[in-house]
Amino acid sequence: MSSTASQPARTHAQTGPEAADWAERLRVANINPRTGLATDYLNHFNEAVMLLEMIPDMPECAEDFLTWSPLSYAEHFTASNFKARDLAIEAYEKADPNVRARFDHITQTLHSILTAVGTAMREVEKDQTRIKLAEQATLWVQPLIAACGGIIHGGADADVETIMAN
């Protein structure tokens with residue numbers, strides 16, 4: 001049995017020219033044809049990290065971070081200006097279930113961490129505590145975002161267990 005990670009994301013019905021056309025549509029739209037995933041989704045998390053990184057220098061930015069909320073892959077693209085957003089959602093739905101499961105596991109972890117940090121920031125009053133929360137959260141989420149990027153790009157299996165254990 002061949003690995004699906006090296007083949008274009010597609011439905012089982014697509015073969016030959018259909019598969020090549022699908023892969024080209026994805027490539028042109030900046031969606032990885034091998035995985036069916038787009039790096040644009042990482043902007044959702046990078047926005048949160050950017051806000052967290054601003055908090056040590058400008059503690060009032062904690063309020064901006066608190067407006068961030070988790071979005072699923074489909075929700076992100078539905079709300080985005082990504083020109084091929086419908087194609088991105090379709091490709092995600094057609095992606096290899098194993099790839100999508102690994103990807104979803106990490107993004108759910110990212111959402112959990114960022115939501116928990118937001119909850120903690122709402123419960124504290126001191127800027128110094130919010131700064132510590134922001135700094136720690138950044139250290140936690142950046143490797144996970146990188147792992148998501150690895151999955152999107154179809155690289156070698158990310159060692160998710162190692163990343164999440166650290």
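## A helical bundle and its core, residue by residue

Cys148 is buried, at 0% relative accessibility. Cys61 is buried too, with a relative accessible area of 5%. As for disulfides, the structure holds 0 of them. Cys148 also turns up in the packing of two helices, being one of the α7 residues that meet α6.

All of this comes from a predicted model, so let's look at the confidence before leaning on any detail. The average pLDDT of the protein is 88, and 84% of the residues score at least 70. Residues 1–7 sit below 50, and this stretch has 7 contacts in the model beyond near neighbours in sequence. Residues 160–166 also stay under 50 in pLDDT, with 8 contacts beyond four places in sequence.

**Overall layout**

The protein has 8 helices and 0 strands, so reading along the sequence simply gives α-α-α-α-α-α-α-α. Of its 166 residues, 42% count as buried. Take the contacts between residues at least 6 apart in sequence: 73% of them join residues at least 24 apart.

**The core**

Which residues touch the most other members of the largest nonpolar core? They are Ile31, Leu52, Ile55, Phe65, Phe103 and Met121, out of 46 residues in that core. At least two core residues come from each of α1 (16–28), α2 (42–54), α3 (62–65), α4 (73–79), α5 (85–94), α6 (97–123) and α7 (127–152). The largest share, 10 residues, is supplied by α7.

Leu52 is a handy place to start looking around. Setting aside residues up to four places away in sequence, Leu52 touches Phe65, Leu114, Val117, Met121, Ala134, Ala137 and Thr138. Two of those partners, Phe65 and Met121, are themselves on the list of residues touching the most core members. Thr138 belongs to helix α7 and is buried, with a relative accessible area of 9%. Beyond four places in sequence, Thr138 touches Val49 and Glu53 as well as Leu52.

**How α6 meets its neighbours**

Two helix pairs involving α6 are worth putting side by side.

| Helix pair | Angle between axes | Distance between axes |
|---|---|---|
| α5 and α6 | roughly 110° | within 8 Å |
| α6 and α7 | about 170° | 10 Å |

Why call α6 and α7 roughly antiparallel? Their axes make an angle of about 170°, and angles over 145 degrees count as roughly antiparallel. The α5 and α6 pair, crossing at roughly 110°, is roughly perpendicular instead, because that label covers 65 to 115 degrees.

The contact between α6 and α7 involves a long list of residues. On the α6 side, Val99, Phe103, Ile106, Leu110, Leu114, Val117 and Met121 are among them, and on the α7 side the list includes Arg130, Leu133, Ala134, Ala137, Ile145 and Ile152. Between α5 and α6, Tyr92, Glu93 and Lys94 in α5 meet Arg100, Phe103 and Asp104 in α6. Phe103 therefore shows up at the α5 contact and at the α7 contact, besides being listed with the residues that touch the most core members.

Which residues of α5 are buried? Leu87, Ala88, Ile89, Ala91 and Tyr92 are. Their cover includes α1, α4 and α6.

**Two positions on α6**

Ile113 lies in helix α6. Is Ile113 buried or exposed? With a relative accessible area of 18%, Ile113 is buried, because the cut-off for that label is under 20%. Leaving out neighbours within four places in sequence, Ile113 contacts Trp140, Val141 and Leu144. Ile113 and Val141 are 28 residues apart in sequence, with 7.6 Å from C-alpha to C-alpha.

Ala116 is in α6 as well, but counts as partly exposed at 45% relative accessibility. The C-alpha atoms of Ala116 and Ala137 are 9.5 Å apart, for a separation of 21 residues along the chain.

**A loop residue with an unusual sign**

Asn30 sits in the loop between α1 and α2. Asn30 is not a glycine, yet has a positive phi of about 65°. At 53% relative accessibility, Asn30 counts as exposed, because the label applies over 50%.

How values were computed. Residues are numbered from 1 along each chain as its sequence is written. This is a predicted model: local features need pLDDT of at least 70, side-chain atom pairs count only at pLDDT 80 or more; totals for chains, interfaces and linings use all residues. Side-chain values use heavy atoms; hydrogens and water are left out. A nonpolar core is a set of buried Ala, Val, Leu, Ile, Met, Phe, Trp, Tyr and Cys residues joined through side-chain atoms within 4.5 Å. Buried means under 20% relative accessible area, exposed over 50%, partly exposed in between (1.4 Å probe, protein chains only). Helices (H or I, at least four residues) and strands (E, at least two) are DSSP runs, numbered from the N terminus. Contact means heavy atoms within 4.5 Å. A disulfide is a pair of cysteine sulfur atoms within 2.5 Å. pLDDT is the predictor's confidence in each residue, from 0 to 100. Axes are lines fitted to C-alpha atoms, for helices over the stretch in contact, and angles run from 0 to 180 degrees between N-to-C directions. Angles under 35 degrees count as roughly parallel, over 145 as roughly antiparallel, 65 to 115 as roughly perpendicular and the rest as oblique.
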